[in-house]
Amino acid sequence: MVDGLMESKLLIAGPCGAESEAQVMETARAIANRFPGAWFRAGVWKPRTRPGAFEGAGEPALEWMQEVRHETGLKVVTEAATTHQLEACLKAGIDGVWIGARTTVNPFLVQDLADAMLGISIPVMVKNPLHPDVDLWRGAIERVGQSVKGEVIAIHRGFHSFETSEFRNHPRWQVAFELKSFFPGIRMVCDISHIAGRRPLLRGIAQEALDLGYDGWMIETHIDPDNALSDKMQQVTPDQLAELVHGLSPRISDIGNGTAATEIMNYRSEIDRLDEALLQLMQERMKLSARIGEVKKENDISIFQPDRWRHVLSTLRERGNEIGLSPGFIRNLLIQIHDESIRIQSEIVHRDELKNVGRD
Ligand code: PEP
Ligand code: MN
């Protein structure tokens, strides 16, 4: 890591949950020694899927957070999911709060919190909702933004996916870029821990976030991760945190105007040419789908043909693999193309019904 990089980035580190005074204090001291400018996170209240699991130490942990700030000088932040929790945080002088993924999905809860935040000037971080719905994320940021005087920060913690994936929560970087297009000035922090779910994946995600121009990282850090009461597979020790962060290599964001820029521009014009050809091919392909739609309509044949779809998917994934295209990529691409064909054919098959609806 190049000196000075961390000065422009936000590092939010600390345990998933506040478990005991000793666990909070020891973790915070070790983080402060390595990163005095970091923000210290700990879940005072933990949203757990089932009752009976460790739910954070609750209100007493707010005192430990105050102690952290007093002793180490780190700013302390936690999740507030109810107005009661938020008020307790404000009363305890917490330096910042975040709205968790399970809260962002519910505009009623977000509005309640936003109302209770009226006029506050501490930073409020808004995590993305559990599923990749950019409007929910955007709406939550707008609700909070209308109410608070302080900074609103977006936290990208990945999205639940039904597809098998190496990630606990798939990053779907595109959703974060889309959010950023609505709020160009917003700081975007990558919560690599909840995206990864497992320690070996953390470094790659952190580097990717840096390459993509993120403004910082949230990294769950625990003095003794193997004995953590929640999320133990994804937490790192303070030493591992330092190793991870110092191992990141910054990239130059501007392509400049030297020979590298010329080379890139040449490749880009080739790519533009191929993209145009892809569009033409796609248009031809959709025209053929529409013709098939007409035949299906005339002969009352169902639009979705599972055997044909399975065949296309497996042949092209195999063929793609042979020529070096990843099966996951081919699968996603074909799903998009197939969905569009089905949409076009549905419009054709239901044309008359749609007309009748119009007439009523
Ligand atoms: C957390 O940060 O510990 C947490 C519960 O996160 P999320 O809301 O992203 O699941
Ligand atoms: Mn966690």
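Ligand 1 is surrounded by 13 residues in this predicted model, and the closest of them are Arg 41, Lys 46, Arg 102, Lys 127 and Arg 157. Two of these side chains can be followed down to individual atom pairs: a polar side-chain atom of Lys 46 lies 2.6 Å from an oxygen atom of ligand 1, and an N or O atom in the side chain of Arg 41 is 2.7 Å from an oxygen atom of the ligand. The backbone takes part as well, since a polar backbone atom of Ala 101 is found 2.9 Å from an oxygen atom of ligand 1. On its own, ligand 1 has 300 Å² of accessible area, and the protein covers 96% of it.

The other ligand to examine is the manganese ion (ligand 2), which is coordinated at 2.1 to 2.5 Å by Cys 16 through SG, His 194 through NE2, Glu 220 through OE and Asp 231 through OD. Read along the sequence, these donor residues follow the spacing C-x177-H-x25-E-x10-D. Cys 16 sits in the loop between β1 (10-14) and α1 (21-34), whereas Asp 231 sits in the loop between β8 (216-220) and α10 (238-246), so this pair ties together parts of the chain that are 215 residues apart in sequence. Cys 16 itself counts as buried, because its relative accessible area is 2% and the limit for that term is under 20%.

Turning from the ligands to the packing of the protein, the largest nonpolar core has 72 residues, and those with the most contacts inside it are Phe 40, Met 117 and Trp 137. Helix α9 (residues 199-211) supplies the largest share of this core, with 6 residues. Apart from this core lies another one, of 10 residues, which includes Leu 10, Ile 12, Trp 39 and Ile 155. The surroundings of Met 117 can be listed in detail: when residues up to four places away in sequence are not counted, Met 117 touches Leu 86, Val 97, Ile 99, Val 124, Val 144, Ser 147 and Val 148.

Helix α9 also contains a polar residue that deserves a look, Gln 207. Which category does the accessible area of Gln 207 place it in, buried or exposed? With a relative accessible area of 12%, Gln 207 is buried, because the term applies to values under 20%. A polar atom of the Gln 207 side chain lies 2.7 Å from the backbone oxygen of Ser 249. With neighbours within four places in sequence left aside, Gln 207 is in contact with Leu 248, Ser 249 and Arg 251.

Methods. Residues numbered from 1 in each chain as written. Chains lettered and ligands numbered in written order. Predicted model: local features only at pLDDT ≥ 70, side-chain atom pairs only at ≥ 80, totals over all residues. Heavy atoms only, no water. Core = buried A, V, L, I, M, F, W, Y, C linked by side-chain atoms within 4.5 Å. Buried < 20%, exposed > 50% of the residue type's maximum accessible area, 1.4 Å probe, protein only. Helix = DSSP H or I, 4+ residues; strand = E, 2+ residues; numbered from the N terminus. Contact = heavy atoms within 4.5 Å. Donors = N, O, S within 2.8 Å, 3.2 Å for Na, K, Ca; no water. Near = heavy atom within 4 Å. Polar contact = N/O pair within 3.5 Å; in protein donor to acceptor, adjacent residues only side chain to side chain. Areas by Shrake-Rupley, 256 points an atom, 1.4 Å probe, with all protein chains shown as cover.
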